[in-house]
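Please open the model in your viewer, with side chains drawn as sticks, and follow the stops below in the order given.

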Amino acid sequence: MNVAQVVSAVVVSVVVGRVMGSSVKLHPSPTTYKPHYNTLYTPKPHHAPLYSPKPTYAPLYSPKPTYTPKPTYSPPLYTPKPTYAPSYTPTPTYAPHYSPAPKYAPPHPSPKPTYSPAPAYKPHHHHDDYYYDDKPAHYDFGYGVSDNYHGTTFGHSEKRAGYRTEGQYFVDLPDGRRMVVTYYSDDTGYHPTITYEGTPTYPAHPLPYKPKLIHKTAYTPKPQAYKPRPSYKPLYSGH
C-alpha cells in the first residue's frame, strides 16, 4: 500500500464519521459520558529493501608467461664439391687381323668299300672249361655252441674220406634230454642212429583257474505290519 492509498482511506473514514454523526443522535449515559473518538489509521511502516550491491572480485593477477626464444642456428658454411678435371683416355684402336679366306679343295671321291666274307667260326673246346677233377674228398670239421643265457646247447662234427662220410650232431631238448644223431653215408645211402641221453623232466603245470563260487542268499523282503491311516473327525460341528 502506497501513501496515496493511505491518505484516501483516512479522508473516506472522516467523511463517513461526520455523516453518521449528523444523522444519528446518540444518547449518552446521564452519569458518565465518554466521547467516542475514531482511531486514526496508522499505516504499517514500509521498509524499503536495503540495496546490496553485487560483490566485485578483483581478478587474480597472473603474470604473463615468459617465452624463451627459439635458438637460432646459423647455416653451415657452404663448401663446394671439388671438381676434378677428367683425364682423357683415348679409345684404343684395334688393327683388324687379316685372315685370308680359306681355300677349299674339292673332296676326293671315296673309294668303294670292299667287304670280306664273314669268318667261319669253329667251336673250340677248352679242356679246362668242362673238366672236373672228380677225386675223392677228404675233410674233417666240428663245432659246438653252449648258450647258458638262453639255454641252448648243440654241436656238429663230420669227417669224410673218399666216398664215405661219418658224423654226429646233438641238441638239448626242452624236456632236459639230449638227442644225439650218429650217421654215416656211403654208396648205399644215409644211415642215422638216434639216441637220447638223460631223463625227461616236465615242469608242474598250475591247475586251471576255477573262479570261486559266491553264494548269495535270496532276497527276502521284511514283512511290514499293516497300519491303517488315521481318520480325523472335526471337533466342532455347527447346526
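Begin by selecting Y169, Y183 and Y190, which together form one aromatic cluster; rings of Phe, Tyr and Trp (for Trp, its six-membered ring) are taken to pair if their centres lie within 6.5 Å, with planes under 30 degrees apart counting as stacked, over 60 as edge-to-face and the rest as tilted. Before going further, note that this is a predicted model, in which local features need pLDDT of at least 70 and side-chain atom pairs count only at pLDDT 80 or more, while totals for chains, interfaces and linings use all residues. Residues are numbered from 1 along each chain as its sequence is written, and side-chain values use heavy atoms, with hydrogens and water left out.

The structure holds three aromatic pairs. One of them is the stacked pair of Y139 and F141, at 6.2 Å centre to centre and 25° between the planes. Now return to Y183 and Y190, whose ring centres are 5.4 Å apart with planes at 40°, so this pair is tilted. On the accessibility scale (buried under 20% relative accessible area, exposed over 50%, partly exposed in between, with a 1.4 Å probe and protein chains only), Y183 is buried at 8%, whereas Y190 is partly exposed at 45%.

Next, select residues 137-147 and 152-162, which are strands β1 and β2; strands here are DSSP runs of E with at least two residues, numbered from the N terminus, and two strands pair if DSSP finds at least two bridges between them. β1 and β2 run antiparallel and are joined by eleven bridges, and within this pairing G142 has S157 in β2 as its bridge partner. The two strands form a hairpin with four residues between them, and in the turn G151 has a positive phi of about 75°.

Keep the hairpin in view and colour Y139, F141, Y143, V145 and F154, which make a nonpolar surface patch of about 420 Å². Such a patch is made of residues with over 30% relative accessible area and no salt bridge, nonpolar side chains (Val, Leu, Ile, Met, Phe, Trp, Tyr) being joined within 5 Å, and the accessible areas come from the Shrake-Rupley method with a 1.4 Å probe. β1 gives the most to the patch, with four residues. V145 lies in β1 and is partly exposed at 32% relative accessibility; Y139 and F141 are also partly exposed, at 34% and 35%.

Which residue should you select to find a charged end over the ring of Y196? It is R177, whose charged end sits 4.7 Å from the centre of that ring, the rule being that NZ of Lys or CZ of Arg is within 6 Å of the ring centre and within 35 degrees of the ring normal. R177 also meets D175 in a salt bridge at 2.8 Å, N to O, a term that requires a side-chain nitrogen of Lys or Arg within 4 Å of a carboxyl oxygen of Asp or Glu. D175 is buried at 11%, while R177 is partly exposed at 22%.

For the last stop, select R164, E166 and D186, which salt bridges with shared partners join into one network. The closest N and O atoms are 2.9 Å apart between E166 and R164, and 3.5 Å apart between D186 and R164. The latter pair links distant parts of the chain, with D186 in strand β4 (residues 178-186) and R164 in strand β3 (residues 164-172), 22 residues apart.

How values were computed: Patches are made of residues with over 30% relative accessible area and no salt bridge: like charges are joined within 9 Å, nonpolar side chains (Val, Leu, Ile, Met, Phe, Trp, Tyr) within 5 Å.
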